[in-house]
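Thanks for making time this morning. I would like to walk through a few charged side chains and the strands that carry them, so please have the model open as I talk.

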Amino acid sequence: MEDKLNELKRAMNSTTHEGRHFTELQKNKIRHTVHNPVETKRPSPFIIFSMTTVAICLIVFFVSTELLLKQNGSITGSPNTWRVHHDYKENNKALFSIIPDPELHAGKPYGYIFSFKESFDTFKGKDLSIKAVHKKTGQRIEVLSPQRITKPSPGYSSLQRFTANFQVPYSGIWRYEVYLDDKAYGNVVVSVAEKEEGGLVKLPEDIPDYVRESDFNQINWDRKATTFGPNMIGNENKSGIIGADMPSLSGQKWMWHLWDTEASDLTVVGYHRESGTVHPILNNGESWTIPLGGENNGADVHAPSSVMIPERGEWAFVLYTNGELFDVVVLEIDE
């Protein structure tokens, strides 16, 4: 047995195992590592909890945001929302399409034909409205106020030829959103060209010479008239009308009130947004200007008048005192 061990030793010494292979320093490091193994550090429970909480909150946020948008009837569309398209589909089924005027330009009213594909039961008795959203500025405006649907398009079984006439103020990409009873129904995207040269509002020949075309291009349609004081509607502390809280197409009496002025006359110019036309409305549509009287209902000057509104829609009543632009009252005339 002893002879075999000596032979094995001689054989190993004759190979790479011959001699000393580890220094004392190396041996000490090996012994330290064996007796003190390196522990892998795990994240603290607090860090794990924090990261998990953040991940859950992000998931809940995105899911709840999507549900909220759907509940509020907002149309956000697909990633291609701003891609120009004239038809709207759901599950590869067309719900409606639009035919815009081929000469479509900003700042001028144009006619649109909406062709809805679903049966008339989908629309009957509901209010249909249209909002326009501008891609570049994000501005959202209502271009078609809610209209109660009571009958199909003439000659059709449903709304295959629903017409609308409106304008948008800027060129570029616009998304037209259709709503039924304030619930999102669908959208299309159109490209609107720049304003045409000389495309300003056309003024009647007999209108006072101090009324300028540019006055109508600067109308802020988002500044709607509000109700204040004793049944007065208009812009508080600037101009107000008694009798305009229930406007009618059949003619009525309006009492005009103005603040911070001692003017002696009032000119009222009616501008119809949908058609882009200008009209006199005072004295049943026969006059542009009426005299102003003294104080009344807290206003500095006032004037009674009869008015005639030619057609329904959104109107801007542009007021001038003593030949200068004074204020603009924006009203919706429905009846």
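Let me begin with Glu314, which counts as buried because its relative accessibility is 5%, under the 20% cut-off. Please keep in mind throughout that this is a predicted model. The side chain of Glu314 meets that of Arg273 in a salt bridge, at 2.9 Å from N to O. Glu314 lies in strand E17, whereas Arg273 sits in the loop between strands E13 and E14, so the pair ties together parts that are 41 residues apart in sequence. Arg273 is buried as well, with a relative accessible area of 7%.

A search of the whole structure finds six salt bridges, and I would now like to turn to Glu177. Which residues are linked with Glu177 in a network of salt bridges? They are Arg140 and Arg175. With Arg140 the N to O distance is 2.6 Å, and this pair links distant parts of the chain, since Arg140 belongs to strand E5 and Glu177 to strand E7, 37 residues apart. With Arg175 the closest N and O atoms are 3.1 Å apart. Glu177 is buried at 0% relative accessibility, while Arg140, at 38%, counts as partly exposed.

As for the surroundings, strand E7 covers residues 172–180, and seven of its nine residues are buried. Strand E7 pairs in the antiparallel sense with E4 over seven bridges, Val178 being the bridge partner of Ile130, and it also pairs in the antiparallel sense with E8 over nine bridges. E7 and E8 form a hairpin with two residues between them, where Asp181 in the turn has a positive phi of about 50 degrees.

Notes:
Residues numbered from 1 in each chain as written. Predicted model: local features only at pLDDT ≥ 70, side-chain atom pairs only at ≥ 80, totals over all residues. Heavy atoms only, no water. Buried < 20%, exposed > 50% of the residue type's maximum accessible area, 1.4 Å probe, protein only. Helix = DSSP H or I, 4+ residues; strand = E, 2+ residues; numbered from the N terminus. Pairing = 2+ DSSP bridges. Salt bridge = Lys/Arg side-chain N within 4 Å of Asp/Glu carboxyl O.
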